[in-house]
Amino acid sequence: MSSVDYHYSLERRKSSTIRQAMHPGTTIRQNCIEKNGLSVTDAARILGVDRQTLSNLLNARSGISPEMAVRLEKAFGTPAREWLIRQLDYELAEVMRRANKIKVGAFRSSATESGGTNERRRD
């Protein structure tokens, strides 16, 4: 697995293309559990977590915490940083899908409003 590999699939909606990121739990299921012929129970035991915790991650009900990333690195060899990057990429993609619904006012500094100078006026 590579940190460059972001696991995006493209989805057409109306006339625009929207990126839909794959939850990292899917990657864990495919590349760590299924690839090694493990059950969820066996994988949870190896990782030192309870079965429900791992199940929540695999079924996209929770994300990869830094601690889980370290556990995955120790168990399967993929660096913890790569797992955290995948989680961050997934979360950012999910927010970007609804970015047009996020209302934020534009910041305008007084320097911008006064013509771009930061100098104080001397009266």
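**Exercise 1.** In this predicted model, work out which residues Ile64 touches, leaving aside those up to four places away in sequence.

*Solution.* Start at Ile64 and skip its sequence neighbours up to four places away; you're left with Pro24, Ile28, Leu57, Ala69, Leu72, Trp83, Leu84 and Gln87. Next, put Ile64 in its wider setting: the largest nonpolar core has 17 residues, and Ile64 is among those with the most contacts inside it, along with Ile28, Leu54, Met68, Leu72 and Trp83. Then ask who supplies that core: α1 (24–34), α2 (40–47), α3 (51–58), α4 (66–76) and α5 (80–97) each give two or more residues. The top contributor is α2, with four.

**Exercise 2.** Find how α1 and α3 pack, and which residues meet there.

*Solution.* Take the axes first: they sit 7 Å apart, at an angle of about 115 degrees. Angles from 65 to 115 count as roughly perpendicular, so that's the label for α1 against α3. Now the residues: from α1 come Gly25, Thr26, Ile28, Arg29 and Ile33, and they meet Leu54, Leu57 and Leu58 of α3. Sort this contact by class and you get five nonpolar, two polar and one charged residues.

**Exercise 3.** Are the buried residues of α3 spread around the helix or lined up on one face?

*Solution.* List them: Leu54, Ser55, Leu57 and Leu58. Look down the axis of α3: these buried residues fall within an arc of 160 degrees, so they line one face. Their packing partners are α1, α2 and α4. Finally, step just past the end of α3, and you'll hit Ala60, which has a positive phi of about 60 degrees.

Methods
Residues are numbered from 1 along each chain as its sequence is written. This is a predicted model: local features need pLDDT of at least 70, side-chain atom pairs count only at pLDDT 80 or more; totals for chains, interfaces and linings use all residues. Side-chain values use heavy atoms; hydrogens and water are left out. A nonpolar core is a set of buried Ala, Val, Leu, Ile, Met, Phe, Trp, Tyr and Cys residues joined through side-chain atoms within 4.5 Å. Buried means under 20% relative accessible area, exposed over 50%, partly exposed in between (1.4 Å probe, protein chains only). Contact means heavy atoms within 4.5 Å. Axes are lines fitted to C-alpha atoms, for helices over the stretch in contact, and angles run from 0 to 180 degrees between N-to-C directions. Angles under 35 degrees count as roughly parallel, over 145 as roughly antiparallel, 65 to 115 as roughly perpendicular and the rest as oblique. Ala, Val, Leu, Ile, Met, Phe, Trp, Tyr, Cys and Pro count as nonpolar, Asp, Glu, Lys and Arg as charged, and the others, Gly among them, as polar. The arc is that of the directions from the helix axis to the C-beta atoms.
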